[in-house]
Amino acid sequence: MNIPEKIRVLYRTYQISEVDNLHDGGDDLYGQVQYLEERILLNSAASDETKKAALIHEAVHAVDEMFGIGLKEKQVEKLGTGLYSLIRDNPELFIPAKEDR
């Protein structure tokens, strides 16, 4: 999985940027979604693997926001980790079949 410049979540397009010193006023963060600005920020100091996992985590937050599901942070953590593992461990799931190309 590569980190793209942007992702679509329904009708919103989130720009993805790597930034230094990403934090929420106290704690360092691996990622952060900004709903109004339609941005996902990733901590540039994190490893590539951590950035990818953080991107999926923040994308889950974006989906949750769009559908008004109301997931708790622990639920987002578990769902994000599960989805990231699924994508990482099964890349063939996301390669279009020859007839779909």
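# Exercises on a four-stranded sheet and its helix

An open sheet of four strands, with mixed pairing, runs in the order S1-S2-S4-S3. The model is predicted.

## Exercise 1: the edges

Find which strands stand at the edges of the sheet, and say why one side of each lacks a neighbour.

Solution. Start from the order S1-S2-S4-S3. Strand S1 (6–9) and strand S3 (31–34) stand at the edges. Each has a single partner strand, so one side of each has no neighbour in the sheet. Now look at the twist. On average, neighbouring strands of this sheet are turned by 25° against each other, direction ignored.

## Exercise 2: the hairpin

Work out how S1 and S2 pair, and which residues of S2 are the bridge partners of Arg8 and Ile7.

Solution. Take the sense of pairing to begin with. S1 and strand S2 (residues 12–19) are antiparallel, with four bridges. Next, take the partners. Arg8 bridges to Thr13 in S2. Ile7 bridges to Tyr14 in S2. Then go to the turn. The hairpin of S1 and S2 has two residues between the strands, and Leu10 takes a positive phi near 55° there.

## Exercise 3: two faces of S1

Sort the residues of S1 into a covered face and an uncovered one.

Solution. Use a general rule. In a regular strand, side chains alternate between the two faces of the sheet. Apply it to S1. Ile7 and Val9 form the covered face. Lys6 and Arg8 form the uncovered face.

## Exercise 4: the helix and the core

Find which strands H1 touches, and which elements give two or more residues to the largest nonpolar core.

Solution. Begin with the packing. H1 packs on the sheet and touches S1, S2, S3 and strand S4 (39–43). The direction of H1 makes about 155° with that of S4. Now list the core. The largest nonpolar core has twelve residues, among them Ile7, Val9, Tyr14, Leu42, Ala54 and Met66. S1, S2, S4 and H1 each give two or more residues to this core. H1 gives the most, with five residues. Finish at Met66. Beyond its neighbours within four places in sequence, Met66 contacts Val9, Leu10, Tyr11 and Arg12.

## Exercise 5: a lysine in the helix

Decide whether Lys51 is buried or exposed, and list its contacts.

Solution. Place the residue. Lys51 lies in helix H1 (residues 48–67). Check the area. Lys51 has a relative accessible area of 6%. Buried means under 20%, so Lys51 is buried. Then list the contacts. Apart from neighbours within four places in sequence, Lys51 is in contact with Ile3, Glu18, Leu42, Asn43, Ser44 and Ala46.

Notes:
Residues are numbered from 1 along each chain as its sequence is written. This is a predicted model: local features need pLDDT of at least 70, side-chain atom pairs count only at pLDDT 80 or more; totals for chains, interfaces and linings use all residues. Side-chain values use heavy atoms; hydrogens and water are left out. Buried means under 20% relative accessible area, exposed over 50%, partly exposed in between (1.4 Å probe, protein chains only). Contact means heavy atoms within 4.5 Å. Two strands pair if DSSP finds at least two bridges between them. Axes are lines fitted to C-alpha atoms, for helices over the stretch in contact, and angles run from 0 to 180 degrees between N-to-C directions. A nonpolar core is a set of buried Ala, Val, Leu, Ile, Met, Phe, Trp, Tyr and Cys residues joined through side-chain atoms within 4.5 Å.
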